[in-house]
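Colleague: I am new to this structure and should be grateful for a close look at one part of it. Please choose a single residue, describe its surroundings, and then lead outward from there.

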Amino acid sequence: MIQYFRFYTIITVIFCFLNISSAQTDRAIEDKITTLLAKMTIEEKIGQMTQFSAPVDSFIDLIRAGLVGSILNLTGAERVNAIQKIAVEESRLGIPLINGRDVIHGFRTIFPIPLGETATWSPDFVKEAARIAAREASASGVHWTFAPMVDIARDARWGRISEGAGEDTYMGKIMAAARVKGFQGEKLSDPETIAACVKHFAAYGAAEAGKDYNTVDISERTLREVYLPPFKAGIDAGAATLMCSFNEISGVPSSGNKFLLTDILRSEWAFKGFVVSDWQSVTEMINHGNVADTLEAALLAAEAGVDTEMVSGSYNKFLVQAVKNGQFPEEKINEMVRRILRVKFQLGLFDNPYTDSNREKTELLSDQNRRFAREISAKAIVLLKNENEILPLKKNLKSIALIGPLADNQLDPLGCWFCNGRADELVSVLQGFKNKIVYGTKINYVKGCEIKGEEEPDLQEAVKAAMNADVAVCVVGESFDMSGEAGSRARLGLPGRQLDLIKTVYETGVPVVVVLMNGRPLAIPWIAENIPAILETWHLGTECGNAIADVIFGDVNPGGKLPASFPRAVGQEPLYYNHKNTGRPPVQKTRFITRYYDMPVEPLFPFGYGLSYTTFEFSDLQISKPEIKIGEELKVGVVVKNTGMVKGDEVVQLYIRDLKGSVTRPVKELRGFKRITLEPGESKKIDFTVGKNELSFYDINLNYVVEPGEFHIWIGPNSTEGLHGRFQVVKGQ
Ligand code: GLC
């Protein structure tokens, strides 16, 4: 007993000590900022709020004068150190710059696009990818990444769906926290960490018609229920900064939106980090039409709570004068500059402004980083179809026809925002196949057609290759720039003549495998109907070819699941699983229901869907109590068995439905998931806890509560299948 008491006393003392020391550090930083602010002129203060993009020649004198706080798009330890030296050793107060970069899914070793990383349903892998990206980026002089992008996207036409965690808010929260922790590590002052920046605040993914930068008009309930939680999760995970979005919400652009940037971010969430605008998003408010000129734009953005203005220069041109003539209070400038300096102190930039340039040689694209890239890439692959178990391919086939514009392509599989990734370092599918072949299998590669455009495809060569092969593998999809920023599409099919190419190869009668490389859900009904094997591989990055070969030849059994619904047609968009029931749900066969005249309402492939080379059985659903009081918890669980012949991963997913609320509730909501690995014949019991975190929502008065009533649960392999149970929540006493 004594030793327990002693143990807990020691733990408590250590915990208190750590808390006291972190409070002391915080206090010390605040005191240093106070001292520094007292020395700064208004020009130097607003200089800290000013950010310019490389090349730096055009503003090097402003840096020397201490009138620039941050820069972006400059990499290379020595190059950054040279500019930092001017800021630190030549400006009056020597305040270091913070150097930002879009390190979205890797720095030099490029991982799957974030939508693909999310398809792993493995937050620990996603966190490790961010950790490696931070190690590589910090070695090259980057202090800050404009990531994670945490925008929920329910419309596959929106190109930036590729940059986030897909359509589900619960998943978005988990991936936001994982990425922030990966980038920022345990301590921001650690030279191998970089500051994170949750973006784009807010509801950027709700752009009408999926058109980038377009109008967003949603209720506060939808804003709070769907779009804000991943930002809060990123901030709770310690995100040092946040970026506001280009779009307006119900008439007010985010860059001038006090409700977002002050009422919610500061008053409700007590966010202590700083806010950076998006690229010229402050002066773009003139286009939006809620300000008349750059001065008004600068004043509105500063008043709303944009601390750092990205590249338009509106702050250093107009805010200084505005403060001097009393149009804007200097105390508010001091608060904003304090937030910026706080992050610079937390990053350790005052004590260590320079990057150890030796690190680049060992960090960038190391074998270890490549190995991890290959592993997470294979994990991200989703098996959509595998009729007659055509996959995995045998390694002793006589001949394989490898066809398609993405098969011997080293650029497009890097995906959007590929940062410092290099095409010549990417392993293409053709190379990945060659690396795998050991029994002299002949690989006949034919490009067949371009990714986009109406140029006549080279069908003859493709047919010839297919006719002489045991199997044809068609690698098709989107170019890297058909998703990401300004990558919205009004069509969701395969671009160009790729489908014609596939149909022609299919008509030869040779078994066909389609490998998709894309930055969004695609509408591929003919392929889904006719092609026996389909792999969704996203844009996998540097180790793309090896990862796809690992899966196609069976060295890795695919276990990824869709993080976004795949439509039958673009007309179904926006399309998401956690929709409302409506008054006329499509549950009966009559005309007057929520449906289309010309197509089923169900997705082609649903959220959470993915197959395996083995099979799994869910049994024995257990609910620990038939009834709980508000605030209590219960446990739900199932047994999952690998009923096939090979080891494999399954993602066990928990969904709930609140049957009746003071406002309508979605037909299903993801509230838990676990990716597990089972040997053939092995069973595992998987449990989830269900309590207020899983059952709360914004009620009719926008209070975040659990309401009494009947709840249904499903535990299964995707959002449309699973063992079903129910329980009651009753009022407490
Ligand atoms: C872009 C993007 C944003 C990015 C920023 C800096 O316009 O919207 O996501 O971080 O500019 O490159």
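Modeller: I begin with Cys 244, which touches His 200, Phe 201, Ser 254, Ser 255, Leu 261, Val 275, Val 276, Ser 277, Asp 278, Ser 281 and Val 306, when residues up to four places away in sequence are left out. Contact here means heavy atoms within 4.5 Å. The model is a predicted one, in which local features need a pLDDT of at least 70 and side-chain atom pairs count only at pLDDT 80 or more, while totals for chains, interfaces and linings use all residues. Numbering runs from 1 along each chain as its sequence is written, and side-chain values use heavy atoms, with hydrogens and water left out.

Cys 244 belongs to strand β6, residues 241-244. Helices (H or I, at least four residues) and strands (E, at least two) are DSSP runs, numbered from the N terminus. Cys 244 counts as buried because its relative accessible area is 0%. Buried stands for under 20% relative accessible area, exposed for over 50%, and partly exposed for what lies in between (1.4 Å probe, protein chains only). Trp 526 stands 282 residues away along the chain from Cys 244, and 40 Å separate their C-alpha atoms.

One of the contacts of Cys 244, His 200, is found in strand β5, residues 197-201. Lys 199 and His 200 are joined by a cis peptide bond, with omega about -5 degrees. Beyond β5, in the loop that leads to α8 (220-227), is Ala 209. Although Ala 209 is not a glycine, its phi is positive, near 65 degrees. Ala 209 is classed as partly exposed because its relative accessible area is 44%.

His 200 and Asp 278, both touched by Cys 244, lead to the ligand. The ligand is surrounded by 13 residues, and the closest are Asp 102, Arg 160, Lys 199, His 200 and Asp 278. A residue is near a molecule or strand if one of its heavy atoms lies within 4 Å of it. By class, this shell holds seven nonpolar, one polar and five charged residues. In that scheme Ala, Val, Leu, Ile, Met, Phe, Trp, Tyr, Cys and Pro count as nonpolar, Asp, Glu, Lys and Arg as charged, and the others, Gly among them, as polar.

Several side chains place an N or O atom beside an oxygen atom of the ligand. For Asp 102 the separation is 2.5 Å, for Arg 160 it is 2.8 Å, and for Glu 485 it is 3.0 Å. Of the 310 Å² of accessible area that the ligand has on its own, the protein covers 94%. Polar contacts are pairs of N or O atoms within 3.5 Å; within protein, one must be able to donate a hydrogen and the other to accept it, and residues adjacent in sequence count only if both atoms are side-chain atoms. Accessible areas come from the Shrake-Rupley method with a 1.4 Å probe, and for residues only the protein chains shown count as cover.

As the starting point was a cysteine, the question of disulfides follows. A search of the whole structure finds zero of them, a disulfide being a pair of cysteine sulfur atoms within 2.5 Å. The sulfur of Cys 419 has its closest cysteine sulfur in Cys 416, and because 12 Å lies between them, they are too far apart for a bond. For Cys 474, the closest cysteine sulfur is that of Cys 449, at 9.4 Å, which is too far for a bond. Cys 474 is buried, with a relative accessible area of 0%, and Cys 419 is buried at 15%.

Two further buried residues may be set beside these. Ser 122 occupies the loop between α5 (114-118) and α6 (123-139), and it is buried because its relative accessibility is 5%. Apart from residues up to four places away in sequence, Ser 122 touches Met 175, Lys 379 and Arg 675. Gly 560 is 438 residues from Ser 122 along the chain, yet their C-alpha atoms are separated by 9.2 Å. Asn 81, in helix α4 (residues 77-90), counts as buried at 15% relative accessibility. With residues up to four places away in sequence set aside, Asn 81 touches Tyr 354 and Thr 355.

A contrast is offered by Gln 733, in the segment after β26 (721-730). Gln 733 counts as exposed because its relative accessibility is 89%. Its C-alpha atom is 8.5 Å from that of Lys 629, although their positions lie 104 residues apart in sequence.
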